[in-house]
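Open the structure in your viewer and keep the selection tool at hand. We will go from stop to stop, and at each one you will hear what to select and what is there.

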Amino acid sequence: MKHGSTLFLKIAVFLIGTPVFILSIIGLVSLIKNPANPEYAYILYPIVIGMFLTTIPFYFALYQALKLLGYIDKNEAFSQFSVEALKKIKICALTISSVYVVLMPFIFLLADKDDAPGAIIMGAVPIFASIVIAVFSAVLQRLLQVAIDIKSENDLTV
């Protein structure tokens, strides 16, 4: 397979990671230093800490996606390494979802104090997006494992 066949997807991974990096460095740090409403700061700080914590599995999942694209470039897409990368992406997505589930009471308190019911929906979006990614990677992991098993059976047969 040509090296450039996954170039677009690699660029997309970097384009996904860049705004998150900028927001986590500039946006969240400035939010901690200057909260919009200082009387809500005790509710806001756990949310900000949780958002910082979710960047770790997020970037690890992006790294695993880059590794998976590298396997595809090397014609090793149907290997156990690809299955392991998909498994790690699934675990990262479930971790992100779990952190946001833990943050939901704080988001609910903030939405209640600020009278902003839309904040609850904004807090639920990462939960459902992460679950969708986890389910998608679990399905791909299972399909890839079945394809590897069929390939190894065919290699043994011939």
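Select Ala77, which counts as partly exposed because its relative accessibility is 24% (buried means under 20% relative accessible area, exposed over 50%, and partly exposed in between, with a 1.4 Å probe and protein chains only). Ala77 sits in the loop between α2 and α3 (helices are DSSP runs of H or I with at least four residues, strands are runs of E with at least two, and both are numbered from the N terminus). Now add Leu144: these two residues are 67 apart along the chain, and their C-alpha atoms are separated by 8.6 Å.

Before you go on, note that this is a predicted model, in which local features need pLDDT of at least 70 and side-chain atom pairs count only at pLDDT 80 or more, while totals for chains, interfaces and linings use all residues. Residues are numbered from 1 along each chain as its sequence is written, and side-chain values use heavy atoms, with hydrogens and water left out.

Stay in the loop between α2 and α3 and pick Asn75. Its phi is near 60 degrees, a positive value in a residue other than glycine. Asn75 is exposed, with a relative accessible area of 54%.

Next, colour helix α2, residues 41-73. Its 33 residues reach 47 Å from first C-alpha to last, close to the 48 Å expected at 1.5 Å a residue (the expected span is 1.5 Å times one less than the number of residues). Within α2, click on Leu68, which is buried at 16% relative accessible area. Leu68 and Thr95 are 27 residues apart in sequence, and 20 Å lies between their C-alpha atoms.

For a contrasting pair, choose Val99 in helix α3. Val99 is partly exposed, with a relative accessible area of 21%. Gly50 is 49 residues from Val99 in sequence, and the two are 6.5 Å apart, C-alpha to C-alpha.

Which residue forms a salt bridge with Lys10? Select Asp73: the closest N and O atoms of this pair are 2.8 Å apart (a salt bridge is a side-chain nitrogen of Lys or Arg within 4 Å of a carboxyl oxygen of Asp or Glu). Lys10 belongs to helix α1 and Asp73 to helix α2, so the pair ties together parts that are 63 residues apart in sequence. Both partners are buried, Lys10 at 18% relative accessible area and Asp73 at 10%. The structure holds one salt bridge.

Now show the largest pocket, with about 910 Å³ of space. Of its 32 lining residues, Ile16, Phe58, Ala61, Leu62 and Ile133 lie nearest the centre. Helices α1 (7-33), α2, α3 (80-114) and α4 each supply at least two lining residues, and α2 gives the most, with ten. (On a 1 Å grid over the protein atoms alone, a pocket is an open set of points where a 1.4 Å probe fits, with protein on both sides within 12 Å along at least five of seven lines; lining residues have an atom within 4 Å of a point.)

Finish with Phe128 in helix α4, residues 118-157. Phe128 counts as exposed at 54% relative accessibility. Add Ile131, Val135, Phe136, Val139, Leu140 and Leu143, and you have a nonpolar surface patch with about 670 Å² of accessible area together (patch residues have over 30% relative accessible area and no salt bridge, and nonpolar side chains are joined within 5 Å).

Notes
Patches are made of residues with over 30% relative accessible area and no salt bridge: like charges are joined within 9 Å, nonpolar side chains (Val, Leu, Ile, Met, Phe, Trp, Tyr) within 5 Å. Accessible areas come from the Shrake-Rupley method with a 1.4 Å probe; for residues, only the protein chains shown count as cover. Grid points are joined across faces, edges and corners, and a volume is the space filled by probe spheres set on the points.
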